[in-house]
Amino acid sequence: MRVVVAMSGGVDSSVVAGLMQAAGHEVIGVTLQLYDHGAATGRKGACCAGQDIHDARNVADRLGIAHYVIDAEAAFRKAVITDFAESYATGKTPVPCVRCNQHLKFGDLLGLARDLGAEALATGHYVRREQGRDGAELHRAADAARDQSWFLFATTRDQLEFARFPLGAMPDKAEVRAHAASMGLQVADKPDSQDICFVPSGSYADIVAKLRPDAALPGDIVDQDGTVLGGHQGIARYTVGQGKRLGAASGRVVTEIDAVRRRIVVGPRGTGSRRVRLAEPNWLIEPPGAPFRATVKLRARETPQGAEIDAASGTVMLDTAALAAPGQACVIYDGTRVLGGGFIV
């Protein structure tokens with residue numbers, strides 16, 4: 001079949017293109033240029049700009065497949081970068097990778113794949129797509145250390161039916177690199193992308209300050225009674241659960257970000273709540289009408305914990321109290337399967 005492969009210029013998506021071609025499919029590689037070419041040129045650990053576009057093109061040439069570069073900077077700025085800055089300015093902690101997957105890779109790019117007459121869109125994400133009784137299911141990757149299912153919770157059922165994830169069953173990254181070497185791809189030893197792709201300086205707060213200067217204004221660090229304990233240099237530098245950059249309030253953690261008064265509220269370690277409210281829910285199953293038991297992750301790299309989920313009200317009751325950062329995702333699992341999730345409010 002005809003398959004569009006999202007090629008970022010890294011080893012993962014390059015191997016996906018090679019595997020799809022080896023399986024006998026007609027492969028079309030598409031690279032989305034997401035942010036300023038000049039800012040990323042020569043920077044290691046980036047993706048979708050600068051050298052990475054050249055790497056994707058070289059891989060396509062090596063494999064003998066068609067390759068197109070799509071200028072998606074305007075869409076990326078609107079859906080990801082602007083949302084990123086606005087979230088920090090209002091006291092939230094955004095997840096730009098979720099927004100990018102949601103709006104660009106499985107939104108605009110998937111639509112382009114369909115326009116090109118493709119029957120599938122393949123990406124280098126480390127997740128498994130399994131065919132269940134009621135359609136495609138999203139599962140955690142075989143390599144738990146690289147699992148990206150948390151970042152794909154917003155993928156819709158229709159998008160999941162169209163998507164393919166060839167790397168999800170691989171046991172580790174070493175096998176992926178071995179495939180790349182066997183294909184003769186120059187990116188076989190290329191370092192993985194790091195941190196936030198569109199922050200060439202490595203300081204996300206600088207990006208936020210340019211777009212929302214108010215998020216970089218100084219303010220007070222206070223305890224839960226409102227007593228001033230110290231000062232900060234911008235709410236964009238903090239997230240709920242953080243224990244760093246607290247000065248005289250060190251030893252505590254951030255429990256709330258009061259964006260209106262530019263206050264960072266801190267409390268004792270171990271502070272938390274069992275109730276979590278969700279917005280923008282996405283379900284990969286028919287949401288149950290009655291509350292049900294499952295496991296949830298409030299952060300990408302934490303161990304799932306038990307909870308009771310009420311889909312109708314959009315609330316999650318955790319078995320163990322935790323600090324849930326507004327703007328992050330709460331992803332709901334049944335074993336390895338992703339059932340759905342939403343953004344924490």
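This is a short tour of a predicted model, moving from its sheet to the helices and then to one loop residue.

**The sheet.** Start by selecting the five strands that make up the open sheet. Read across, their order is β3-β2-β1-β4-β7, and they pair in parallel. In general, strands of a sheet are joined through backbone hydrogen bonds, in either a parallel or an antiparallel sense. Now pick out the two edges: β3, residues 66-71, and β7, residues 163-164. Each of these edge strands has a pairing partner on one side only.

**One pair of strands.** Keep β3 selected and add β2, residues 26-33. The two are joined by six bridges in the parallel sense. Within this pair, show G29 and look across to β3, where H67 stands opposite.

**The helices.** Next select helix α1, residues 11-22. It lies across β1 (2-6), β2, β4 (120-122) and β7. Relative to β1, helix α1 runs at about 170 degrees. Then move to helix α3, residues 51-63, which lies across β2 and β3. The angle between helix α3 and β3 is about 160 degrees.

**A loop residue.** Finally, go to A72, in the loop that links β3 to α4 (73-89). Is A72 buried or exposed? Its relative accessibility is 9%, and because the cut-off for buried is under 20%, A72 counts as buried. To see what surrounds A72, leave out the neighbours within four places in sequence and show L32, Q33, L34 and L104, with which A72 is in contact. Last, select D108: it is 36 residues from A72 in sequence, while their C-alpha atoms are 9.1 Å apart in space.

Definitions and conventions:
Residues numbered from 1 in each chain as written. Predicted model: local features only at pLDDT ≥ 70, side-chain atom pairs only at ≥ 80, totals over all residues. Heavy atoms only, no water. Pairing = 2+ DSSP bridges. Helix = DSSP H or I, 4+ residues; strand = E, 2+ residues; numbered from the N terminus. Contact = heavy atoms within 4.5 Å. Axes fitted to C-alpha atoms, helices over the stretch in contact; angles between N-to-C directions. Buried < 20%, exposed > 50% of the residue type's maximum accessible area, 1.4 Å probe, protein only.
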